[in-house]
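Trainee: I am new to this structure and do not know where to start. Please pick one part, look at it closely, and then work outward from there.

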Amino acid sequence: MNIQIFCTNTNSYIECSAGDTLSQVLERVSDRISFKPICATVNNKTENLSFCLFAPKVVEFIPVDSPVGNRVYIRSLCMLLFAAVRELLPEAKLKIGHSISHGYYCRLIGMNTPLSVEIVEQLRSRMLHLASLDILFERHEKLRKDVAEIFAGENLNDKVLLLETRHELYADYYTLGETADSYYGPLAPSTGYLKTFNLIPYHDGMLLLGPDPKNPSEAATPIPQEKLFNAFTEYLRFNNIIGVKNVGELNRAVEEHRTESLINVAEALHDKKIASIADEITKRYHNGGARVVMIAGPSSSGKTTFTKRLAIYLLTNLLEPQMISLDDYFVNRTITPRDETGDYDYESLYALDIHLFNEHLNRLINGEEVELPYYSFETGTRSFKGNRIRLKENSILLIEGIHGLNPELTAEIADEMKYKVYVSALTTLAIDNHNWVPTTDNRLLRRIIRDHKYRGTSPLETIRRWPSVRRGEEKWIFPYQENADSMFNSSLIFELGVMKQYGEELLKTVPHDTPEYTEANRLLKFLSYFCPIPEKAIPPTSLLREFLGGSSFKY
């Protein structure tokens, strides 16, 4: 039977036979596409090129240098690394962790000898050899119990546990030669696509580096991020202690009704860390510094609730905190700068009224009273509502916003007068040993829920704006994060289970015929790995309440 496929790359219909793969369709149009696709979207769902077509579909072939294509590339690199480890170090267990320093932090557990520079180079060389052989990544789908049996034979017990706690009838997995593995998204057609990467020693593990976004023909160059690495490592130790390192273990805790205990412990860890930061600020204050606390971080990192909770601990230290949100210094939307795509660039430093902010800051430090502005995200306008503040004896100013660590924002204030805190949701929970929970996905889900609830913004619009947000973070926020005196990890090990119900309901409202559905569908699959966790045990002071509602703080 013949069917018609509409290819958006060529803006034309293509005749093909039912059962043809995307690769076969690509052969008919490759001379009209200027790049080598690594995957495709089919009716706005991401699929690998071995996907079979049995009915009319809308197909778009995707390049490597797109966000979707890059995720496919990185997942494929991870399986390439796993295959190399399997061949050279069969006794070792590979753990691929969080994104850091422009790469992905990997460790080898259970080795007979310590990891050395020579071993890392042997693995890199083996990866290059496997890439040169152009071996197929083959996708399979079988009954869940059969896939679990395959993974049990590979000693991939983390994947077995995840399968057992998801309770699906079928599961998919990939093979690369004799190596079996699973990933929560498509892989490249073959290892021959993976021409650009690097593997280097990093702390007690390795750093897997994909293509440089600015120069895709070269591997990314690592950058120093020691403070961020230490913040991640601290929470990894915490995960190990409480016995919840991956989604399978979290789901098992849900099944065994242990989530209230997890919630209490995770919230206690936040309390302890905030109290420690408050004590350090107080110590510096009494030594003649830290009159202004700058609290920065990317979108939906929980800066506002952190600031309010920090204020409570500073009060118990007999300081009087006064809070200012940089968000209230946004210029009116009509004069907000735009990014290179034409979207409003709210992440730009110049989306703020820097002149007014510095005027207010100087007046406050000089003991004067100022009336703070209020910015409405719904109307995109700034107004004044009589909110006046004045610093008193023992007062300390808390300034919260994404640009808090940018020295240009407070250039008129001496460095010794400032204490800088970086807040981000540094997600340390893994899906399994080869699939991590991206920090950006955690924050995007928070933002989708919050923007719908408090800012009148649809999930479609939030997803549409997210690439602009991410570009702004890369330009305006991340370059300054290592300037922080302290880093606070705002992630909570249970939060994705709690956000599951909220997120799924909202993501399902994204129309299937929009480009944003590709991302919505990916996030829906991501959330499908989690068992739902009731929110009733989450205290009203929890940072997560900033996004879900029910907080005892006023926003």
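Mentor: Start with His203, which counts as partly exposed because its relative accessibility is 44%, and partly exposed covers the range between the 20% limit for buried and the 50% limit for exposed. Keep in mind that this is a predicted model. His203 sits in the loop that joins β13 (198-202) to β14 (205-209). Leaving out residues up to four places away in sequence, His203 touches Glu226 and Phe229. For a sense of scale, take Trp476, which is 273 residues from His203 along the chain. The C-alpha atoms of these two residues are separated by 27 Å.

The strand after that loop, β14 (205-209), leads on to the interior. Leu208 is one of the residues that touch the most other members of the largest nonpolar core, a group of 68 residues. Phe61, Leu77, Leu80, Leu108, Leu123, Met127 and Leu208 are the residues named for this. Helix α2 (residues 67-88) gives the most to this core, with 13 residues. In soluble globular proteins, nonpolar side chains tend to be buried together. Not counting residues up to four places away in sequence, Leu208 touches Leu77, Cys78 and Leu81, among others. Its contacts also include Gly103, Tyr104, Cys106 and Met127, as well as Asn198 and Leu199. A second, separate core has 63 residues, including Leu162, Tyr517, Leu523 and Phe547.

Gly103, one of the contacts of Leu208, brings us to a neighbour in sequence, His102. His102 is in the loop between β8 (93-100) and β9 (103-109). Its phi is near 70°, a positive value in a residue other than glycine. Most residues other than glycine have a negative phi, and most peptide bonds are trans. With a relative accessible area of 45%, His102 is partly exposed. Asn43 is another case: it is not a glycine, and its phi is positive, about 50°. Asn43 also lies in a loop, between β4 (39-42) and β5 (45-47). Its relative accessible area is 34%, so Asn43 is partly exposed.

Leu162, named above as part of the second core, leads to a pair of helices. Two packed helices are described by the angle between their axes and the distance between the axes. Helix α5 (residues 157-166) and helix α7 (residues 247-255) have axes that come within 8 Å and cross at roughly 40°. The two helices are therefore oblique to each other. The crossing of α5 with α7 is left-handed. On the α5 side, the contact is made by Leu161, Leu162, Glu164 and Thr165. Facing them in α7 are Val247, Gly248, Glu249, Asn251, Arg252 and Glu255. By type, the residues of this contact are three nonpolar, three polar and four charged.

A further helix pair is formed by α8 (residues 259-286) and α9 (residues 303-316), whose axes come within 9 Å and cross at roughly 60°. That angle makes α8 oblique to α9. The crossing of α8 and α9 is right-handed. From α8, Glu267, His270, Asp271, Ile274, Ala275, Ile277, Ala278, Ile281 and Thr282 take part. From α9, their partners are Phe306, Arg309, Leu310, Tyr313 and Leu314. The contact of α8 with α9 has nine nonpolar, two polar and three charged residues.

Now set another histidine beside the starting point. His360 belongs to helix α10 (residues 354-365). Its relative accessibility is 4%, so His360 counts as buried. Setting aside residues up to four places away in sequence, His360 touches Tyr329, Val370, Glu371 and Pro373.

Arg465, in helix α12 (residues 459-476), is likewise buried, because its relative accessibility is 10%. Apart from neighbours within four places in sequence, Arg465 is in contact with Asp343, Tyr344, Tyr346, Glu347 and Arg447.

Asp513 gives the contrast: at 68% relative accessibility it counts as exposed. Asp513 lies in the loop between α13 (495-507) and α14 (517-527). Along the chain, 194 residues separate Asp513 from Leu319, and their C-alpha atoms are 54 Å apart.

Conventions
Residues are numbered from 1 along each chain as its sequence is written. This is a predicted model: local features need pLDDT of at least 70, side-chain atom pairs count only at pLDDT 80 or more; totals for chains, interfaces and linings use all residues. Side-chain values use heavy atoms; hydrogens and water are left out. Axes are lines fitted to C-alpha atoms, for helices over the stretch in contact, and angles run from 0 to 180 degrees between N-to-C directions. Helices (H or I, at least four residues) and strands (E, at least two) are DSSP runs, numbered from the N terminus. Angles under 35 degrees count as roughly parallel, over 145 as roughly antiparallel, 65 to 115 as roughly perpendicular and the rest as oblique. A crossing is left-handed if the near helix is turned anticlockwise from the far one by less than a right angle, and right-handed if clockwise. Contact means heavy atoms within 4.5 Å. Ala, Val, Leu, Ile, Met, Phe, Trp, Tyr, Cys and Pro count as nonpolar, Asp, Glu, Lys and Arg as charged, and the others, Gly among them, as polar. A nonpolar core is a set of buried Ala, Val, Leu, Ile, Met, Phe, Trp, Tyr and Cys residues joined through side-chain atoms within 4.5 Å. Buried means under 20% relative accessible area, exposed over 50%, partly exposed in between (1.4 Å probe, protein chains only).
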